[in-house]
Amino acid sequence: VVPTELHLRYAPDLLTVETGAVESYSFDKAGCLVRAAWDGHLYRWGLDGSCLQKEAVVRRGEKVRVRHDIDAGLAIARQAYAQAIRLFDQVQVEQDVWYPVLQLIYESGVLLFEKRARRFQELYGSVSILPPDQYGALVLQVTEGCRYNRCSFCTFYKHVPYRVKTPEQFEAHIQGVLEMVGPAINRRRALFLGDANALGMPYAQLLTACEMINQLIPINSADQAAIQGIYTFMDLFDRQPYTAEQFCVLAQLGLRRVYIGAESGCEQVLRVLRKPNQLQHLQQFVAALKAGGVGVGLIFLLGAGGSRYYHDHAADTARLLSSLPLDKQDIVYLSELVADARSEYAQWAECEHVEALSPGEMREQEQVIRQGLRPVDEGGPRVSRYDVREFIYY
Ligand SMILES: C[S@@+](CC[C@H](N)C(=O)[O-])C[C@H]1O[C@@H](n2cnc3c(N)ncnc32)[C@H](O)[C@@H]1O
Ligand code: SF4
């Protein structure tokens, strides 16, 4: 029996087969599964084959999520391909552009997906975290890991030795990435320079890397369907990484926004986080970026320093924010601190009998911090929550 609501949905970058709200499978132009839903679960796969599962219905305000590792993610993908093919068998594909993709899915099925996951492993190892507005960016790892890697709360790069790629290695990486994503590059609107602090490399090397990107990948900020710019993370450990003039050159090569882990405006909290940020460096850095025509994304940790610094963290952060020339080009992220039990931060909190904040207390801190910012309708930056548990590089 053909389900009555069974149909295909076409977007330029995704082909979806679905039966109303019950079951749905979306594939990219390379025939790789991107997301699916069935039996009340939503699945989104990472390029590495791992999978983030959420519930279609949120219970008691709690977001229920399960993270499946690569083996489990691939096993769920195998099931999803089989279920999707069963639905494809029952419908007519009307769009010529998607015929070859469907043919690929029929011929190779999940093997396409498994091959890409293996290639991802060779090319990247891992992509540990991105800012939420960059989850869909194409990551290019000009560096790997974090040059500092000693913050007491952050475990993202503990397993990755820091290294800066030579121009030859970076070119081979870009070529490999382009070959891996194939026609599915049409899902991408941004490039993200990995990993944790790409601007920590000397200016001349970064310039060479950006010039190379421009030679190999077209960037066109005026075209809604093209890759529109380059984005990256940076720390605050140097006096002044680059000058406004240098940022201006990088902006001409496509650099649009730099995301900085500011974490707190309170010096005691920064000490607990083992984050050697100098607040005046943040002011200088933001001024240079803005003068060079590059936007800024600032990340602050809600709940940092727990009950001990509940008031100071929020008040000092609001004060710091009010001293910065942020505008509508910029974003402020408020990331709830997720303390891994094995982290140095968790051990500090336990030894010092410092309580973690409740969700209500985090919301109160958020309110206080937001007061340091010009409202969006008066030209201030966007403000958004950032939940590192939601990240998957897809
Ligand atoms: C991986 S860092 C990259 C930026 C840059 N390395 C820096 O620290 O300035 C990105 C952000 O992830 C967030 N982050 C890292 N570990 C976290 C954790 N355990 N809980 C919540 N957010 C975390 C922090 O806000 C951090 O600034
Ligand atoms: S927060 Fe940033 S600087 Fe600190 S260890 Fe993590 S990636 Fe490195």
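How many residues stand between β5 and β6 in their hairpin, and which residue in the turn has a positive phi? The hairpin of β5 and β6 has five residues between its strands, and the residue in the turn with a positive phi, of about 100 degrees, is Gly 49. The structure described here is a predicted model, and the report takes up its two open sheets, then the ligand, and finally some individual residues.

## The antiparallel sheet

The hairpin of β5 and β6 belongs to an open sheet of seven strands, which follow one another in the order β1-β2-β3-β4-β5-β6-β7 with antiparallel pairing. At the edges of this sheet are β1, residues 6–10, and β7, residues 65–68, each of which pairs on one side only. From one strand to the next, the twist averages 15 degrees. In general terms, the strands of a sheet pair through backbone hydrogen bonds, and the pairing is either parallel or antiparallel.

Several of the pairs in this sheet can be followed residue by residue. Strand β2 pairs with strand β3 in the antiparallel sense over five bridges, β2 covering residues 15–19 and β3 residues 23–27; within this pair, Glu 18 has Ser 24 in β3 as its bridge partner. Further along, strand β4 (residues 33–38) is joined to strand β5 (residues 41–45) by four bridges, again in the antiparallel sense, and Arg 35 stands opposite Arg 44 in β5. These two strands also form a hairpin, with two residues between them, and Asp 39 in the turn has a positive phi of about 50 degrees. On the side of strand β6 (residues 51–55), β5 pairs in the antiparallel sense over five bridges, and here Tyr 43 stands opposite Gln 53 in β6.

## The parallel sheet

A second open sheet, also of seven strands, has the order β8-β11-β12-β13-β14-β15-β16, and its pairing is parallel. Its edges are formed by β8 (138–141) and β16 (382–386); each has a single partner strand, so one side of each is left without a neighbour in the sheet. Neighbouring strands of this sheet are turned against each other by 25 degrees on average, direction ignored.

Within the parallel sheet, strand β14, residues 295–302, and strand β15, residues 331–336, pair in the parallel sense over six bridges, and Gly 297 stands opposite Ile 331 in β15. Helix α5, made of residues 203–216, lies across β8, β11 (190–194) and β12 (229–234), and the helix runs at about 150 degrees to β11. In the loop between β11 and α5 is Asp 195, and the peptide bond leading to this residue from Gly 194 is cis, with omega near -5 degrees.

## The surroundings of ligand 1

There are 19 residues around ligand 1, and those that come nearest are Ala 196, Gly 261, Glu 263, Lys 275 and Val 338. The following table gives polar side-chain contacts with the ligand.

| Residue | Atom of ligand 1 | Distance |
|---|---|---|
| Glu 263 | oxygen | 2.6 Å |
| Lys 275 | oxygen | 2.5 Å |
| Ser 335 | nitrogen | 3.0 Å |

Taken alone, ligand 1 exposes 550 Å², of which the protein buries 96%.

Glu 263, one of the residues that come nearest to the ligand, has its place in strand β13, residues 255–263. Although Glu 263 is not a glycine, its phi is positive, at about 70 degrees. Its relative accessible area is 6%, which is under 20%, and therefore Glu 263 is buried.

## Two further residues

Is His 353 buried or exposed? Because its relative accessibility is 68%, and exposed means over 50%, His 353 counts as exposed. This residue is placed in the loop between α10 (344–351) and α11 (359–370), and it has a positive phi of about 55 degrees although it is not a glycine.

Thr 317, by contrast with His 353, counts as buried, because its relative accessibility is 0%. Thr 317 lies in helix α9, residues 310–322. Leaving aside residues up to four places away in sequence, Thr 317 touches Ser 264, Gly 265, Phe 300, Asp 312 and Ile 369.

Technical notes: Residues are numbered from 1 along each chain as its sequence is written. Chains are lettered from A and ligands numbered from 1 in the order in which they are written. This is a predicted model: local features need pLDDT of at least 70, side-chain atom pairs count only at pLDDT 80 or more; totals for chains, interfaces and linings use all residues. Side-chain values use heavy atoms; hydrogens and water are left out. Two strands pair if DSSP finds at least two bridges between them. Axes are lines fitted to C-alpha atoms, for helices over the stretch in contact, and angles run from 0 to 180 degrees between N-to-C directions. Contact means heavy atoms within 4.5 Å. A residue is near a molecule or strand if one of its heavy atoms lies within 4 Å of it. A polar contact is a pair of N or O atoms within 3.5 Å; within protein, one must be able to donate a hydrogen and the other to accept it, and residues adjacent in sequence count only if both atoms are side-chain atoms. Accessible areas come from the Shrake-Rupley method with a 1.4 Å probe; for residues, only the protein chains shown count as cover. Buried means under 20% relative accessible area, exposed over 50%, partly exposed in between (1.4 Å probe, protein chains only).
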